[in-house]
Protein chains: 2
Amino acid sequence: MSKATVFSDITIVTSNDDACVSVMEHAYCVVYEDKIRYVGLSKEEALEKAGLLSDDDVSVYEGKNKILCPTFANAHAHTPMSIFRNIADDFSLQDWLFGEIIPREDRMITDDFTYGHLLTLAEMIEGGTACAANMYDGANQITLASAEAGFRLQQTAMGKTCKDGVWSADSKNVEDFIALCNEQGKGLVKPSLLVHSVYLYPGSFYAELSELAKKYDIPVSVHISETIKENEDCMSSYGCTPVEYLDRAGLLSDTTVAAHCVHLTENDMRILAERKSWVAHNASSNMKLASGFADMVGMQKAGIRLCLGTDGASSNNNQDMFMEMRLASFMAKGKTYDPTVMKASDVFHMATRNGYLACGFEDCGIIEEGMKADIQIIDYDCPQMWPLGNPISALVYSCGPKCVESVMINGKFVLYKHDLMTIDFEKVRFETKKTMERLK
Amino acid sequence: MSKATVFSDITIVTSNDDACVSVMEHAYCVVYEDKIRYVGLSKEEALEKAGLLSDDDVSVYEGKNKILCPTFANAHAHTPMSIFRNIADDFSLQDWLFGEIIPREDRMITDDFTYGHLLTLAEMIEGGTACAANMYDGANQITLASAEAGFRLQQTAMGKTCKDGVWSADSKNVEDFIALCNEQGKGLVKPSLLVHSVYLYPGSFYAELSELAKKYDIPVSVHISETIKENEDCMSSYGCTPVEYLDRAGLLSDTTVAAHCVHLTENDMRILAERKSWVAHNASSNMKLASGFADMVGMQKAGIRLCLGTDGASSNNNQDMFMEMRLASFMAKGKTYDPTVMKASDVFHMATRNGYLACGFEDCGIIEEGMKADIQIIDYDCPQMWPLGNPISALVYSCGPKCVESVMINGKFVLYKHDLMTIDFEKVRFETKKTMERLK
């Protein structure tokens with residue numbers, strides 16, 4: 001790649017590390033190779049910088065009636081589950097999971113992980129998402145597919161085997177997966193350890209998992225307190241809450257991504273804040289599965305680091321981070337009877353900078369010189385975004401995938417003026433339909 | 001119009017008057033002039049019927065990977081408020097309404113109503129909405145603009161004047177507006193009477209409004225129990241709830257559209273069910289303004305007739321009925337901790353057939369021979385809708401404006417393969433931006 005791109009006369013919206021979201025109008029942004037090289041108001045400076053970097057013509061992206069902002073990092077996903085989309089809705093969790101989903105998952109083959117994952121990446125990219133924390137089996141296929149599609153991912157390694165109903169840690173599996181990420185992930189895929197939840201494995205096993213995460217210095221990916229039942233069962237099995245239990249096992253650190261956290265005690269919040277663990281809030285999924293309304297305002301006040309996720313497409317049923325920002329704000333306002341809480345800027349920061357940090361990509365999620373070029377272009381020249389008003393409000397409360405014109409990841413366009421550049425959707429469509437019919 | 005349109009080999013999803021939503025695959029639908037002339041599985045019958053009707057070639061709309069379903073009727077809107085979109089969010093209701101909105105509304109001129117309305121119609125059409133119950137001033141301009149755009153509307157007549165702080169009924173105003181609807185509404189605009197709420201006028205005035213509605217036999221359009229404060233104030237002024245108060249004044253009938261109804265007593269629900277009044281639920285607005293979570297399941301059980309609305313674009317901040325269906329379902333599930341309530345088919349029926357009935361259009365909202373041709377075509381050949389699964393779930397939980405390919409109202413395409421056919425968006429964009437800047 002030898003051509004610099006200049007985003008010209010555009011409205012730039014970005015958060016920073018103080019969670020302060022700012023707007024710069026009539027701005028310029030230069031991207032060269034994988035990085036942002038200039039952000040500012042001078043056309044001359046932008047063009048000069050781009051000219052010096054390029055050994056070819058500079059490519060200019062006209063920014064009239066457009067917003068340039070960071071792409072989203074979806075902090076809780078189960079990507080291949082899009083193949084189970086809309087097959088079993090309005091069911092109880094038990095009927096849905098055990099009657100419809102698990103019997104299908106048990107029959108999945110290698111290609112299903114690849115194409116299910118690519119289907120979700122296509123949807124995510126079209127909706128301005130460039131990064132995800134993914135919790136699912138098929139880690140190798142998923143990693144290769146992500147690298148090929150040019151998409152950032154934190155992907156769970158299994159790290160365990162189950163023989164005759166007995167779980168044991170599996171170092172080799174983790175080591176191999178780390179090696180695969182390093183060798184074939186193109187710098188875009190990072191490993192984490194699947195811990196899943198407090199209810200899936202015998203109590204004795206959590207300390208082993210904790211040792212494994214420490215040994216390889218990888219983040220822990222876990223569901224916590226998604227339902228009241230989970231809390232009640234944990235209390236009756238272990239005499240403590242899921243947060244307390246996982247903390248005792250040493251599984252909560254500043255790289256842990258804890259999904260859901262719908263039902264936390266004050267002490268749970270104190271622990272999560274002290275450990276600097278990430279909480280990935282899933283507003284749509286929690287409402288759709290009737291898990292409850294997470295206390296986002298309480299978590300925010302407790303100083304917990306918050307990010308947003310969609311959960312799997314079979315319990316949402318899309319992968320739209322605009323929807324999650326909007327709903328995270330709406331749910332918090334509705335729950336507290338206070339329209340001033342969980343402002344547009346709060347959820348925008350969670351969906352961008354915090355999401356990337358939670359996924360382990362520290363040089364992404366802010367539009368700033370030196371950061372990786374993970375960028376989306378929003379076209380606001382359309383009825384649903386017009387007149388623009390406050391661009392931050394517009395992005396959170398009015399925008400949707402329809403307005404996402406282009407997406408760049410690591411300096412490369414993966415969506416260019418509404419066309420997917422790295423995923424062959426026709427092939428994905430064909431393969432996933434076949435899978436869906438086979439698993440019926 | 002002399003050409004019949006055949007929608008060919010398409011998936012038809014429709015509700016009926018028993019609120020039963022059905023799916024017909026590989027189906028055919030013939031439209032001629034303003035009506036649906038055939039719905040069924042026979043290509044031969046469809047083409048024969050179309051050929052007999054047309055005195056020109058038949059136009060065939062290919063339906064592969066597409067859904068044909070009724071358009072939405074948005075049962076609570078304030079259309080011109082889109083010009084105030086995203087200017088004042090995350091504010092308290094008081095600061096928002098009295099500090100930001102009303103000072104701007106006071107300075108609106110004739111054209112602002114026209115272009116603000118057209119901006120909203122453009123957004124609604126692009127999102128599959130073909131009809132709205134609109135509560136706003138500027139009724140004449142709005143009516144003419146709607147008729148020109150080919151959009152169905154129930155529009156409030158003011159029916160009152162305020163002189164030296166004293167309100168009085170204004171028969172002439174209502175009469176003139178009814179005449180305008182009849183003469184220039186092209187059969188698309190029907191009048192209702194603006195009652196607004198229990199808190200805007202002196203108590204003595206409600207009986208007069210009731211007389212006016214009866215005299216001209218027009219529906220009443222009113223906000224009820226949007227906030228706890230409204231209920232408390234009503235109780236302290238009149239010693240009863242807003243529903244009880246309006247019922248005593250004779251304002252609740254089977255044509256009344258009562259927006260919000262967030263805080264109802266059991267007796268309120270009984271009254272609304274007995275009167276067969278319509279309740280227009282506004283999930284997004286109620287959450288965003290922190291009014292509360294309406295008890296949709298309770299209202300459903302009480303037998304209340306339910307429909308859905310977006311409220312104004314300045315308190316939502318879009319006009320997306322897909323979002324409202326999804327959120328109405330999610331809110332009810334979350335509130336009751338039961339994922340099986342407020343199913344996809346329930347909210348689809350509310351957004352289509354019930355919405356049209358609430359707006360006073362009895363021959364719309366069902367895909368059936370003899371009904372008016374208000375139809376949308378959804379393209380599900382895209383990552384967010386693939387694989388389709390259950391089409392009803394897909395429409396409610398996965399779909400969005402991005403997937404709306406075409407919209408027909410009264411047999412005429414107003415959106416054809418993503419292009420607006422009756423609204424000049426460039427003109428609307430120019431005028432609304434001017435307005436927004438003038439009212440700053």
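Where in chain A is the place of Pro387(A)? Pro387(A) sits in a loop of chain A, with β16 (375-379) on one side and α14 (391-398) on the other. Before we go on, keep in mind that this is a predicted model. Here's a quick tour of how chains A and B meet, how chain B is put together, and a few spots where the backbone does something worth a look.

**How the two chains are related**

- You can lay chain B on chain A by a turn of 180 degrees and a shift of 0.0 Å along the axis, and the RMSD comes out at 0.0 Å.
- That's the relation of a two-fold axis.
- Looking for the residue of chain B that comes closest to the rotation axis? Go to Lys402(B), whose C-alpha is at 2.4 Å.

**Where they touch**

- On the chain B side, 53 residues are in contact with 53 residues of chain A.
- Five helices of chain B each supply at least two residues of the side that touches chain A: α3 (110-126), α10 (283-288), α12 (321-336), α14 (391-398) and α15 (425-438).
- Sort the residues on this side of chain B by character and you get 24 nonpolar, 17 polar and 12 charged.
- The copies meet through the same surface, because 100% of the interface residues of chain B are also interface residues in chain A.

**A helix pair in chain B**

- One of those interface helices, α3(B), also pairs up with helix α4 (residues 139-149) of chain B: their axes come within 9 Å and cross at roughly 40 degrees.
- At an angle like that, α3(B) and α4(B) are therefore oblique to each other.
- The crossing of α3(B) past α4(B) is right-handed.
- From α3(B), the contact uses Thr110(B), Phe113(B), Thr114(B), His117(B), Leu118(B) and Leu121(B).
- From α4(B), the partners are Gln141(B), Ile142(B), Ala145(B), Ser146(B) and Ala149(B).
- Taken together, the contact residues of α3(B) and α4(B) split into six nonpolar, five polar and no charged.

**The sheet in chain B**

- Eight strands of chain B form an open sheet with parallel pairing, in the order β6-β7-β8-β11-β12-β13-β14-β15.
- At the edges stand β6 (72-77) and β15 (305-308) of chain B; each has a single partner strand, so one side of each is left without a neighbour in the sheet.
- Going from one strand to the next, the twist averages 30 degrees.
- For a look at one pair, take strand β11 (residues 189-196) and strand β12 (residues 220-224) of chain B, which pair in the parallel sense over three bridges.
- Within that pair, Leu193(B) has Val220(B) in β12(B) as its bridge partner.
- Helix α13 (residues 344-358) of chain B lies across β6, β7 (129-134), β13 (257-260), β14 (278-281) and β15, and runs at about 100 degrees to β15(B).

**Backbone spots to look up**

- Back to the proline we started with: the peptide bond from Trp386(A) to Pro387(A) is cis, with omega near -15 degrees.
- Chain B has a cis peptide bond from Trp386(B) to Pro387(B), with omega near -15 degrees.
- Pro387(B) lies in the loop between β16 (375-379) and α14 of chain B.
- Asp311(A) isn't a glycine, yet its phi is positive, at about 65 degrees.
- You'll find Asp311(A) in the loop between β15 (305-308) and α12 (321-336) of chain A.

Key: Residues are numbered from 1 along each chain as its sequence is written. Chains are lettered from A and ligands numbered from 1 in the order in which they are written. This is a predicted model: local features need pLDDT of at least 70, side-chain atom pairs count only at pLDDT 80 or more; totals for chains, interfaces and linings use all residues. Two residues are in contact if their C-beta atoms, placed from the backbone, lie within 7 Å. Helices (H or I, at least four residues) and strands (E, at least two) are DSSP runs, numbered from the N terminus. Ala, Val, Leu, Ile, Met, Phe, Trp, Tyr, Cys and Pro count as nonpolar, Asp, Glu, Lys and Arg as charged, and the others, Gly among them, as polar. Axes are lines fitted to C-alpha atoms, for helices over the stretch in contact, and angles run from 0 to 180 degrees between N-to-C directions. Angles under 35 degrees count as roughly parallel, over 145 as roughly antiparallel, 65 to 115 as roughly perpendicular and the rest as oblique. A crossing is left-handed if the near helix is turned anticlockwise from the far one by less than a right angle, and right-handed if clockwise. Two strands pair if DSSP finds at least two bridges between them. Copies are superposed by least squares on the C-alpha atoms of residues with pLDDT of at least 70 in both.
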